[in-house]
Number of protein chains: 2
Amino acid sequence: MLNHAALDRAFQALADPTRRAIVERLSHGARSVSDLARPLAMSLPAVMQHLALLERSGLVTSAKVGRVRTCRIEPKALSQVEAWIHARRAEWERRLDRLGDYLSELQAGGGDVGADG
Amino acid sequence: MLNHAALDRAFQALADPTRRAIVERLSHGARSVSDLARPLAMSLPAVMQHLALLERSGLVTSAKVGRVRTCRIEPKALSQVEAWIHARRAEWERRLDRLGDYLSELQAGGGDVGADG
DNA sequence: GTGATACTGAAGCTGATGCTTAACCATGCA
DNA sequence: TGCATGGTTAAGCATCAGCTTCAGTATCAC
């Protein structure tokens with residue numbers, strides 16, 4: 001399980017459109033730093049800063065061979081972010097279901113709801 | 001489908017720990033503004049700014065009855081963020097699978113890989 | 001060794017973000 | 001009518017995020 005701080009970094013990493021573009025790109029295959037930088041309208045150091053953040057967040061790993069650093073996605077971190085969102089949505093929908101059930105019951109009985117506030 | 005800008009706002013909204021705490025809280029049921037603010041170590045206006053951002057992002061909706069504004073989760077927006085992450089992870093894993101298949105084939109044949117860079 | 005390529009480090013600028021305080025408005029209630 | 005409650009607005013401030021440029025270092029090809 002991703003701890004609080006790590007989840008924090010992961011969400012923060014994904015908040016930036018450039019970094020999401022990088023993740024999207026990397027989902028199609030590992031890429032070198034300058035390869036990732038080429039289509040982006042910014043300097044190489046700027047891209048490196050994004051990559052550093054992605055790596056600190058655990059979403060991306062990289063390894064250097066010779067002078068080329070190759071970056072790739074870390075699917076585990078990605079799936080843990082996914083899990084967090086899913087859990088919140090699932091909990092909400094579970095509640096709605098229970099409320100639905102309760103309201104159905106009431107139709108055959110009587111009383112007060114207390115709703116969902 | 002969530003457009004680019006909306007997805008952007010949603011990810012940005014979730015980047016902040018306070019806002020994620022609010023979403024987490026709301027997943028257990030709708031809440032009023034001051035109710036949400038109570039456990040948070042900040043002023044009410046600060047919480048309102050977070051809520052405004054969450055609402056602009058589409059993750060949260062709210063309605064005012066009398067003087068009380070009640071906030072609730074918008075599961076659709078949440079699931080679209082979830083979908084984005086899932087798609088990236090799925091794509092990466094699909095690639096890994098194909099690469100695995102290819103490598104298996106090679107073991108029964110011969111040639112060059114071209115790997116995943 | 002020389003030059004090109006690929007990346008790295010550091011400093012600095014600018015606008016956005018997250019907060020604060022100090023008002024203020026609207027509703028509920030005695 | 002007057003006071004408490006719940007929310008809202010506006011202004012200001014400190015910090016941070018994202019970018020730039022400039023100046024490196026390491027590797028590779030010749």
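This report describes a predicted model of protein chains A and B with DNA strands C and D.

## Confidence in the model

Because the model is predicted, the confidence values are given before the structural detail. Chain A has a mean pLDDT of 88, with 83% of its residues reaching 70 or more. The pLDDT falls below 50 over residues 110-117 of chain A, although in the model this stretch has 14 contacts beyond near neighbours in sequence.

## The sheet of chain A

In chain A, three strands make up an open sheet whose order is 1-3-2 and whose pairing is antiparallel. Strand 1 and strand 2 of chain A are the edge strands, each of them pairing on one side only. Strand 1, residues 31-32, is joined to strand 3 of chain A by two bridges, the two strands running antiparallel, and within this pairing A:Ser32 has A:Thr70 of strand 3 as its bridge partner.

Strand 2 of chain A, residues 60-65, is likewise antiparallel to strand 3 of chain A and is joined to that strand by six bridges; here A:Lys64 has A:Arg69 of strand 3 as its bridge partner. Strand 2 and strand 3 of chain A form a hairpin with two residues between them, and in the turn A:Gly66 has a positive phi of about 65°. Helix 2 of chain A, residues 17-27, lies across strand 1, strand 2 and strand 3 of chain A, and runs at about 90° to strand 3.

## The sheet of chain B

Chain B also has an open sheet of three strands, in the order 1-3-2 and with antiparallel pairing. Strand 1 (31-32) and strand 2 (60-65) of chain B stand at the edges with a single partner strand each, so one side of each is left without a neighbour in the sheet. The antiparallel pairing of strand 1 with strand 3 (residues 68-73) of chain B extends over two bridges, and B:Arg31 stands opposite B:Cys71 of strand 3.

Helix 2 of chain B, residues 17-27, lies across strand 1, strand 2 and strand 3 of chain B, and its direction is at about 90° to strand 3 of chain B.

## Surface near DNA strand C

There are 21 residues around DNA strand C, of which A:Ser34, A:Met48, A:Arg67, B:Gln12 and B:His50 come nearest. Of the atoms of DNA strand C that come within 4 Å of the protein, sugar and phosphate account for 66%. Two chain B side chains approach phosphate oxygens of this strand: an N or O atom in the side chain of B:Gln12 is 2.4 Å from a phosphate oxygen, and an N or O atom in the side chain of B:Asp16 is 3.2 Å from a phosphate oxygen. For B:Arg67, the partner is a base oxygen of DNA strand C, which lies 2.9 Å from a polar side-chain atom of this residue.

The elements that give two or more residues to this surface are helix 3 (33-37), helix 4 (44-56) and strand 3 (68-73) of chain A, together with helix 4 (44-56) of chain B. Helix 4 of chain B provides the largest share, four residues. By class, the surface near DNA strand C has eight nonpolar, seven polar and six charged residues.

## Surface near DNA strand D

Around DNA strand D there are 22 residues, and A:His50, B:Ser34, B:Met48, B:Arg67 and B:Arg69 come nearest. Sugar or phosphate makes up 65% of the atoms of DNA strand D within 4 Å of the protein, while the rest belong to bases. Phosphate oxygens of this strand lie 3.1 Å from a polar side-chain atom of A:Arg19, 3.4 Å from a polar backbone atom of B:Val33 and 2.3 Å from a polar side-chain atom of B:Ser34.

Helix 4 of chain A, together with helix 3 (33-37), helix 4 and strand 3 of chain B, are the elements that give two or more residues to the surface near DNA strand D. The largest share of this surface, five residues, comes from helix 4 of chain A. By class, the surface near DNA strand D has nine nonpolar, seven polar and six charged residues.

Conventions. Residues numbered from 1 in each chain as written. Chains lettered and ligands numbered in written order. Predicted model: local features only at pLDDT ≥ 70, side-chain atom pairs only at ≥ 80, totals over all residues. Heavy atoms only, no water. pLDDT = per-residue confidence, 0-100. Contact = heavy atoms within 4.5 Å. Pairing = 2+ DSSP bridges. Axes fitted to C-alpha atoms, helices over the stretch in contact; angles between N-to-C directions. Near = heavy atom within 4 Å. Polar contact = N/O pair within 3.5 Å; in protein donor to acceptor, adjacent residues only side chain to side chain. Nonpolar A, V, L, I, M, F, W, Y, C, P; charged D, E, K, R; others polar.
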